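Here are a few short exercises to work through with the structure open beside you. Try each task before reading its solution.

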Amino acid sequence: MDDTPRLPLVYVRGFAGGTRGIDKAVDDPFYGFNEGSTHIRVGARNQPYFHQFESPLLRLLREEGYELLVKGDQAAYLAEHDEIPANTVWIHRFYDRSATTWGGSPQEYRLENAAVDLLDLVDRLREKTGAPAVNLVAHSMGGLICRSLLQKVLPDRGRGADCVAKLFTYGTPHGGITFDLGGGLFERVRDTLGIAGADIFGPRRMYEYLTPQAEQDPEGPPRGWDAREMPQGPGTLPVERVFCLVGTDPTDYDVAFGLSSAAVGPHSDGLVQIERAYVPGAQRAFVHRSHSGRYGMVNSEEGYQNLRRFLFGDTRIEASLVDFRLPGDDDLVWQGDVRLSVRGLPVVMHERLAAHWCPIQLGASAEERQGAPVPLATTFLNSGLRQAADEPMRFILELRLISLRERRGILSLGDHLEQTADFADTLVIDVGTPQAGPGIWATWNSEIEGAIRDHYVAGTPRVDEDPAPGRWVAHIALPATAAPLLGGDARIRLVATPWT
């Protein structure tokens, strides 16, 4: 753990369903964020490898120095103490008042009420810790509660979003939940009847709790309204302070005996479709994990490592493909497979693959066909997590380019070789630190002799191509084998900036 001051962290859980689900949810003292896992998708002979992940809650306590102040009741502890430490974890228990297990008359659950209660918790934490803001970490519907706080509750009260420093969401349906099956019938029934309160994932209800009262149209969302968008301007949380973890594994989501994943479709985490799981402009990573369960993203090493580096990292790296020229064949469709791994971790931090229904589409527009920059990945590094103080921070960016020939939208199989890359190589990137020396070193694996683990940086780093302070830019030419596909000027652009 470094010496950077910690902000209070608030966990916000996902959708529990009707009364029966709510009653089950409130039985857990930490609303599920204490749940770990023992499975990880690596290992020999195609067998899952045993990997004991303690839970994101315990890992933050052990690795980042947080405290969990309960003593019978977190709310009571907060009320009874005038001062509490800022490096503490809190659970937003918004479902308690809607449970039947406490006796009395349970209240109907409304997402807007949960957002109002969240603001009350945030204000009390800021008052008693002295912290300027809190970090919010949410799963599924919890991310919509956080956005309702930011986009409706605070504006309705004439307040800005400075009480929230960062928002991290796991599998949140930022664009709602839709289904591949039914031709829209399932969505209409859900939104009309509001079965178990699930209409909160439809456009009308999302418009209500994501739009300030003064801006709402009584007729409902205007044509073209996109629930994923977070308005930007004075007093709002910048989207760069939002991170969306997107799951791409529907097969391991076994809710309703697999009916959910079948209805939502393969391009999803089993409940939330990939294109609806992020806020445009926000930081994001794609991981081959399901919405929840044994291989769920919340109780995964991939989720935790992205969370930890986003909250506590000190360097942001953005990688893009620039200055490329695709062949002038209108029948060719180009896709990019990308993986990003950080040294010392047993998991892939980010992977967008055709096999997972989320490749990077190249040349989708005329601008892109003429080399408009295509973002490949963004990652956060923490210099305090290196094995040795004198070594740079290393990560790799694996890039595969695949071409498909289509005629009138039909795949042509005459010369097709499924999942065969026209170009494949791995860029090994080392980012300097004050101890190891500032700068970026980058080498393609095809130019490295022997194992990558035995490769050590030498010589001076690449020249910083941006004279502006606090921003380091380098362009790395692709290997010569890529020139017939992308042109001789194609490069990977790396931009490093401080992250706090």
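The exercises below concern a predicted model and go from overall form to the nonpolar cores.

**Exercise 1.** Work out why the protein chain counts as being as compact as a globular protein of its length.

*Solution.* Start with the secondary structure: the protein chain has 11 helices and 19 strands. Next, take the radius of gyration, which is 24 Å. The globule rule gives 23 Å for 500 residues, and the two values are close, so the chain is as compact as a globular protein of that length. To picture the extent, place the C-alpha atoms in a box of roughly 70 × 55 × 50 Å along the principal axes.

**Exercise 2.** Find what share of the residues is buried, and describe the accessible surface.

*Solution.* Using under 20% relative accessible area as the cut-off, 53% of the 500 residues are buried. Then turn to the outside: the accessible surface is about 22800 Å², and carbon and sulfur atoms contribute 51% of that. Finally, add the charges: the mean positions of the 50 positive and 67 negative ones lie 1 Å apart.

**Exercise 3.** Identify which residues of the largest nonpolar core touch the most other members.

*Solution.* This core holds 88 residues, and the ones to pick out are Y11, L136 and I145. Now follow Y11: leaving aside residues up to four places away in sequence, its contacts include F33, L60, W90, V137 and L307. Apart from the largest core lies another, of 41 residues, including W334, V374, L381 and F423.

**Exercise 4.** Determine how many of the contacts between residues at least 6 apart join residues at least 24 apart in sequence.

*Solution.* Keep the contacts in the protein chain that meet the separation of at least 6, then apply the limit of at least 24: 69% pass.

Technical notes: Residues are numbered from 1 along each chain as its sequence is written. This is a predicted model: local features need pLDDT of at least 70, side-chain atom pairs count only at pLDDT 80 or more; totals for chains, interfaces and linings use all residues. Side-chain values use heavy atoms; hydrogens and water are left out. Helices (H or I, at least four residues) and strands (E, at least two) are DSSP runs, numbered from the N terminus. The radius of gyration is taken over C-alpha atoms; the globule rule is 2.2 Å times the number of residues to the power 0.38. Buried means under 20% relative accessible area, exposed over 50%, partly exposed in between (1.4 Å probe, protein chains only). Contact means heavy atoms within 4.5 Å. Accessible areas come from the Shrake-Rupley method with a 1.4 Å probe; for residues, only the protein chains shown count as cover. Lys and Arg count as positive and Asp and Glu as negative; His and the chain ends are not counted. The place of a charge is taken as NZ of Lys, CZ of Arg, CG of Asp or CD of Glu. A nonpolar core is a set of buried Ala, Val, Leu, Ile, Met, Phe, Trp, Tyr and Cys residues joined through side-chain atoms within 4.5 Å.
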